[in-house]
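User: I'd like to go through the labels people put on a structure and ask what stands behind each one. Can we do that here?

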Amino acid sequence: MASRKTTRSADPLEAIIRDLIVALGRKPVYGMEATPERAAEAWRVFTRGYQASAREVFSEGTFEAEHDGIVVVRGIDFYSVCEHHLVPFFGKCHIAYLPSGRIAGLSKFARLVDVHARRLQVQERMTHDIAHDIRTHLKPHGVAVQVEARHLCMAMRGVEQRNADVVTTTLLGAFKTDPARAAEFRALLSRRDD
């Protein structure tokens, strides 16, 4: 009878997680046997944005339409992972744009936020990239994006500030050049119910 060998997973992500558990002084036993597999799957969900793009998001579901007012989508929830410490940050994204003959289905904006949030990320770049993708694919007169987030890298380590919020904003086009449009965007955000 052939002896059974214990084999390491062929999945490199599972192997790294198993090594991390061991390096932290634990063995993946006693309830943790499947942790490397579960954690690897979780990390694939956390970073699924690498398998998607803004081009795919806007490939359909955009329409010609005459609308000269601001379109605002507020309170898009997101979860991301800080690229510096590999811990989560999470919050809400608010998007506004001034159409120039083309609009997008409203779910496109939540999908776009997910594409960028589901990557190893910094909030400043995420805010910038969401705004620039909207400008590239819809070509509006202006785009405004505001992201408000809590960072566990600030709450759980370092300064250990559990209640600190980080707010980032990117203004493009009319929102950047016309103070009245920027003020209108801020006013629309301040009317929300939290």
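Analyst: Sure, here is a run through the sheet, the helix packing, the aromatic pairs and some burial calls.

Analyst: This is a predicted model, so local features need pLDDT of at least 70 and side-chain atom pairs count only at pLDDT 80 or more, while totals for chains, interfaces and linings use all residues. Residues are numbered from 1 along each chain as its sequence is written, and side-chain values use heavy atoms, with hydrogens and water left out.

User: Let's start with the sheet. What is the strand order, and which strands stand at the edges?

Analyst: The sheet is open, with five strands in the order β5-β2-β3-β6-β7 and mixed pairing. β5 (120-121) and β7 (166-173) each have a single partner strand, so one side of each is left without a neighbour in the sheet. The strand names come from DSSP runs numbered from the N terminus: a strand is E over at least two residues, a helix H or I over at least four.

User: What makes β2 and β5 a pair?

Analyst: Two strands pair if DSSP finds at least two bridges between them. Two bridges join β2 (residues 71-82) to β5, so the pair meets that cut-off. The two strands run parallel, and Val81 stands opposite Leu120 in β5.

User: And how many bridges join β2 to β3?

Analyst: Nine, and those strands run antiparallel. Val71 stands opposite Tyr97 in β3, and Asp77 has Lys92 as its bridge partner there. The β2-β3 hairpin has five residues between the strands, and Leu86 in it takes a positive phi near 60°. On to β6 (residues 142-151): β3 pairs with that strand over 10 bridges, again in the antiparallel sense, with Val147 as the bridge partner of Cys93.

User: Why is β3 called largely enclosed?

Analyst: Buried means under 20% relative accessible area, exposed over 50%, and partly exposed in between (1.4 Å probe, protein chains only). Eight of the 11 residues of β3 (residues 88-98) are buried, so the rest of the structure largely encloses this strand.

User: How do you know that Thr127 is buried, and what is in contact with it?

Analyst: Its relative accessibility is 1%, so Thr127 counts as buried. Thr127 is in helix α5. Leaving aside neighbours within four places in sequence, its contacts (heavy atoms within 4.5 Å) are Val145, Val147, Thr168, Thr169 and Thr170.

User: Now the helices. Why is α4 called oblique to α5?

Analyst: Angles under 35 degrees count as roughly parallel, over 145 as roughly antiparallel, 65 to 115 as roughly perpendicular and the rest as oblique. The axes of α4 and α5 (residues 123-138) come within 10 Å and cross at roughly 135°, which makes the two helices oblique. Axes here are lines fitted to C-alpha atoms, for helices over the stretch in contact, with angles from 0 to 180 degrees between N-to-C directions. Among the residues that meet are Phe109 and Leu112 in α4, and Met126 and Ile130 in α5.

User: What about α1 and α2?

Analyst: α1 (residues 12-23) packs against α2 at an angle of about 120°, with the axes 8 Å apart, and they are therefore oblique to each other. Leu13 and Ile17 in α1 are among the residues that meet α2, whose side includes Ala39 and Trp43.

User: What makes Trp43 and Phe46 edge-to-face?

Analyst: Rings of Phe, Tyr and Trp (its six-membered ring) pair if their centres lie within 6.5 Å; planes under 30 degrees apart count as stacked, over 60 as edge-to-face and the rest as tilted. The whole structure has six aromatic pairs. For Trp43 and Phe46, the centres are 5.3 Å apart with 75° between the planes, hence an edge-to-face pair. Both lie in α2 (residues 35-46), three residues apart, about one turn of the helix. At 24% relative accessibility, Trp43 counts as partly exposed, and so does Phe46 at 32%.

User: And why is the pair of Phe58 and Phe109 edge-to-face?

Analyst: Their ring centres are 6.3 Å apart and their planes stand at 70°, so the pair is edge-to-face. Phe58 lies in the loop between α3 (54-57) and β1 (62-64), and Phe109 in α4 (residues 107-117), so the pair ties together parts that are 51 residues apart in sequence. Phe58 and Phe109 are buried, and they form one aromatic cluster with Tyr97.
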